[in-house]
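Trainee: I should like to examine how the structural terms applied to this model are justified.
Mentor: Then let us set each value against its definition.

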Amino acid sequence: MKAVITVIGKDNVGIISSISGECAKKGVNIVDITQSVLQDYFAMIMLVEIDNMKVKLTDFQSALSLIGEEKGLDIRVMHEDIFNAMHRI
Amino acid sequence: MINTKDILETINMIKQENLDIRTITMGISLFDCISDDQKRLEAKIYDKITKCAEKLVPTAEDLEHTYGIPIINKRVSVTPISLVGSNIGIDGYVRLAGVLEKAANEVGINFIGGFGALVQKGMTKGAHNLIEAIPEALATTTKVCSSVNVASTKAGINMDAVKRMGEIIKDTAILTKDKDSIGCAKLVVFANIPEDNPFMAGAMHGMGESDTVINVGVSGPGVVASAIKREGTCDFSRLADTIKKTAFKITRVGQLIAQEASKRLDTPYGIIDLSLAPTPAVGDSVAHILENMGLEKCGTHGTTAALAMLNDAVKKGGVMASGHVGGLSGAFIPVSEDAGMISAAECGALTIEKLEAMTAVCSVGLDMIAVPGDTPASTISGVIADEIAIGVINNKTTAVRLIPVIGKGVGEGVEFGGLLGYAPIMPLNKYSSEEFIARGGRIPAPIHSLRN
């Protein structure tokens, strides 16, 4: 199963490092990353494989939310199917 | 990989524009609970609901986490209780409402619907007793919702039932007067009631349904309002197209959640209700969609046309996105549950007469409207008769959920709290309908040729 991690907020140092570090720790494999910075606004999208994840999805979501709170970012982990359903016929 | 723009659009809909799944409703048939012994009937109903819906709430919560979309309500609808209870007495029906409440609390759902009767043509003893039990049943429970179908296009209007329901609404208001007559917020009078509606207070599990079923109601007025705003001053063809595309996206999420819930709960998927259901939250209003189309205030001239187009475009977009469509499908216009409607009613732009016209072109009917507490029961019956006639003649579902707030009058308001919102008391026509309603009998079913 693949999930999409979205990170939205003000750009600052070490965002990718902290998220990818958390992924590695929890056994989440990163498949693809795109990011864009518009002025100070940062949006990163990560496609990840979560079949071999060592923790429950809710625990992984909470761990990333914690990073989000520290750095002032909105971080979400959502099953990729919600995007496929909405945008692909 | 999925397009970045699309991902950010979805996130924005959820985060900024209040996109949510309004309800996952499990329909449960209670026909196999029928018994001639009240205690046995109660035990079987409790056991069936708690067994079938045991995993409903945890499954819905799990889906919320997995897909990152809020699912606001988890509900259960059951076979109309008058068909299950049959000839038990009035007290027996009040006790059954208590059993439904206990089962709802046990499985942790928000509401349970189906404490109702179908009396469009005539009234069985059971239906009569259930209707008589409604005021006390709603006053002694918080999660039980009641609906009574008093008319259909094929059967006409049961005016005896219309008369009695005016009185029942008044009695319910009096019994719950300590809580601003909130009992009436859980009671709807219908014409052409749908058998698979997941929305409250009118949800019930119809007679042609399977043993259990999953129905999903979507929402998203904020998403449509924002899309219209972004289009600026385009013409109506483009406006309709924008609404269709937006409704498609909203409904696809509902379809995904419905299929996944059906799989995880091992329960057949029934329908998606293509609805724009508002909440009192800022940015979640159907009235604001109409105002974004260019109306200064919802209720002014042009409102009915705007709503007609909105309703039609929502259905066209939603139908393409979903395997099976049903329920009430369309825009909802409950006054107290919509910030834009509340504001329009308070400033006098929106009146009950205009609301009645609006219900001719959208789903449901006169919904969540607070009226003076001293309104005679016959006037309430008159309002019901008018609204029900619109449904019967136009072959559509209409309904009435009026709240006569005991002790309050025009100029005052009532705070129901939560999703039920705030309602300014709206004036009704002062002239009497007493003699008209006292006639009783049935208004015959309409002819559907020679349409004019």
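The exchange below takes up selected features of the model in turn.

Mentor: This is a predicted model, in which local features need pLDDT of at least 70 and side-chain atom pairs count only at pLDDT 80 or more, while totals for chains, interfaces and linings use all residues. Residues are numbered from 1 along each chain as its sequence is written, chains are lettered from A and ligands numbered from 1 in the order in which they are written, and side-chain values use heavy atoms, with hydrogens and water left out.

Trainee: What makes B:Ser181 count as buried?
Mentor: Buried means under 20% relative accessible area, exposed over 50%, and partly exposed in between, with a 1.4 Å probe and protein chains only. B:Ser181 has a relative accessible area of 0%, and is therefore buried.

Trainee: Where does B:Ser181 lie, and which residues does B:Ser181 touch?
Mentor: B:Ser181 is in the loop between H7 and strand E7 (187-191) of chain B; helices (H or I, at least four residues) and strands (E, at least two) are DSSP runs, numbered from the N terminus. Contact means heavy atoms within 4.5 Å, and the residues that B:Ser181 touches include B:Ala173, B:Thr176 and B:Ile403, not counting residues up to four places away in sequence. The phi of B:Ser181 is near 60°, a positive value in a residue other than glycine.

Trainee: Why is the approach of the B:Ser181 side chain to the backbone nitrogen of B:Ile406 called a polar contact?
Mentor: A polar contact is a pair of N or O atoms within 3.5 Å; within protein, one must be able to donate a hydrogen and the other to accept it, and residues adjacent in sequence count only if both atoms are side-chain atoms. The B:Ser181 side chain reaches that nitrogen of B:Ile406 at 3.2 Å, so the pair satisfies the distance limit of 3.5 Å.

Trainee: How do you know that the span of H7(B) is close to the expected one?
Mentor: The expected span of a helix is 1.5 Å times one less than its number of residues. H7(B), residues 159-175, has 17 residues and reaches 24 Å from first C-alpha to last, close to the expected 24 Å. At the start of H7(B), a side-chain oxygen of B:Asn158 comes to within 3.2 Å of the backbone nitrogen of B:Asp160.

Trainee: Why is strand E12 of chain B described as largely enclosed?
Mentor: In E12(B), residues 366-372, 7 of the 7 residues are buried, so the strand is largely enclosed by the rest of the structure.

Trainee: In which sense do E12(B) and E13(B) pair?
Mentor: Two strands pair if DSSP finds at least two bridges between them; E12(B) and E13(B), residues 398-405, pair in the parallel sense over 6 bridges. B:Ile369 stands opposite B:Leu402 in E13(B).

Trainee: What makes the unit of E12(B), H14(B) and E13(B) right-handed?
Mentor: A crossover is right-handed if, with the strands pointing away from the viewer, the path from the first strand over the helix to the second runs clockwise. E12(B), helix H14 (residues 377-393) and E13(B) make a right-handed β-α-β unit.

Trainee: How many disulfides does a search of the whole structure find?
Mentor: A disulfide is a pair of cysteine sulfur atoms within 2.5 Å, and the search finds 0 over all chains. For B:Cys362, the nearest cysteine sulfur, that of B:Cys298, is 10 Å away, and B:Cys362 is in no disulfide. B:Cys362 is buried, with a relative accessible area of 1%.
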